[in-house]
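User: Please take a close look at a single part of this structure for me. I'd like one connected explanation that a first-year can follow.

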Amino acid sequence: MNEINLARIDLNLLVVFEVLMELRNVTAAADKLGKTQSAVSHALGRLREQLGDPILVRVGGQMQPSPFAAQLAEDIEPLLRGVRRVLAPPKLFDPATSDRVFRIAAPTLTRLIAQVSSRVAREAPNARIEWLPAHHEAYSALSEGLIDIAHLGGEPRLPDGLQEQVMEPFSWVSFVRKGHPGLRNWGLEAWHRYPHLMVNVTRALRNPFSQTFGGSTDRRRITTMVADSSAVASILAQSDFIATFPALLLAWDMEAHGLCALKPPVALDQVKVRFFWSSRLAQDAGSIWIRSIVIETYRALQFEAEAKLSGVVGTAFDQI
C-alpha cells in the first residue's frame, strides 16, 4: 500500500478504531465511547475511506479485522498509550514522599524560618528548604523558576510573569537595649541624638523602609547599615543604636537580647509588603503547597507579633 498522507487523516478516528478492534462490535464500541451507534458507524466509514481498507468485515455473524487493520492495531497501540501518558494530568504532589528542594527568598525573619521549616519537616520529611537573601535578583530568579516564592517590601512594579499576594499593613516599632540613655527622654530629641541602625538589601535595591521617613521632623543619624537583619538584635544589645522595624522582625528576640520596644516619635508611612511567585508555576501543586505554608505562617506570626507588642510598646518611662 502506498504511504498515507497524514494530512488527510483524522487522527481522532484512531481512538474509535482502537475500541472497534478491541470489541469487534459497533454497538458495544458506541457504549464504551459514550457515542451513538450511528456516530461510530459513521466513524468506521470514514476510516475505511481515509485508509483505503475495509478495516472490519462481517464474517459468519462477527466482525473480523483485515490484515492491514490487524497490523495497524498492533502498531498504534503503543503510540496511543504514549500519547495518553504525555497528556495525562500531572501526578498530585504528595508531601509525604516528595524529595523536592524548595527555595524561598525572604528577609531573615527567625520565627518565620523556624515555623515554616518545622512544618515542612513534619509534612514532607524528605523535602528540603533553601532560604535565600531577598534582593533585586529574586525577580529574575522567580521568572526562571529558580525560586518558589519571595518576600520583599516596597512599591516597585513587578516584572511581567509574576503574581503577588499583598499582606496586611504592619506597625512600626523602635527597638533599643534596656538601659539605653534615650529611654529617660524618649521623643524627638532622643530620636535625633542617638545613632540609628538600618538594614540595606543591596546597593541596587535600597531598603524600602528608609523611604517612609521624611519631613522636617526626621533628622536621624543613620550611622550604620548592615546587609542582613539576623544580627540586628545582638547589635542593639551591645550599643546605643535605635532600630525601627516592623513588629514581626524582633518581637520574639526582645527578651533574649534585653531589648525595649517603643513607639516611634515620628509619623511613618505604611510600606507595601508582598509575596510573589512565577505565573508559569502558579498551578504547580508543590508550589501551591509551599506558598500556602509560607503565607499562612507569615500572616499568623504578624498577627501574633502585633498583639504581643501592643501591650509593650509605649513611652520610655514604661520601659525603665
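Analyst: **The largest cavity and a neighbouring topic**

Thr108, Thr110, Ser229, Ser230, Val232, Ala233, Leu249, Leu250 and Asp253 line the largest cavity (on a 1 Å grid over the protein atoms alone, a set of points where a 1.4 Å probe fits but cannot get out; lining residues have an atom within 4 Å of a point). This is a predicted model, where local features need pLDDT of at least 70 and side-chain atom pairs pLDDT 80 or more, while totals for chains, interfaces and linings use all residues. Residues count from 1 along each chain as its sequence is written, and side-chain values use heavy atoms, without hydrogens or water.

The volume of the largest cavity, the space filled by probe spheres set on its points, is about 40 Å³. The structure has three cavities of 30 Å³ or more. Helix 8 (232-237) and helix 9 (247-250) each give at least two residues to the largest cavity's lining; helices here are DSSP runs (H or I, at least four residues). Sorted by class, that lining has four nonpolar residues, four polar ones and one charged (Asp, Glu, Lys and Arg are charged; Ala, Val, Leu, Ile, Met, Phe, Trp, Tyr, Cys and Pro are nonpolar; the others are polar).

Thr110 also takes us to helix 5, which covers residues 110-123. Helix 5 has contacts (heavy atoms within 4.5 Å) with helix 11: Arg111, Val116 and Glu123 are among the helix 5 residues involved, and Trp289, Ile293 and Tyr298 are among those in helix 11. The residues of this contact split into nine nonpolar, two polar and five charged.

Note on methods:
On a 1 Å grid over the protein atoms alone, a cavity is a set of points where a 1.4 Å probe fits but cannot get out, and a pocket is an open set with protein on both sides within 12 Å along at least five of seven lines; lining residues have an atom within 4 Å of a point. Axes are lines fitted to C-alpha atoms, for helices over the stretch in contact, and angles run from 0 to 180 degrees between N-to-C directions.
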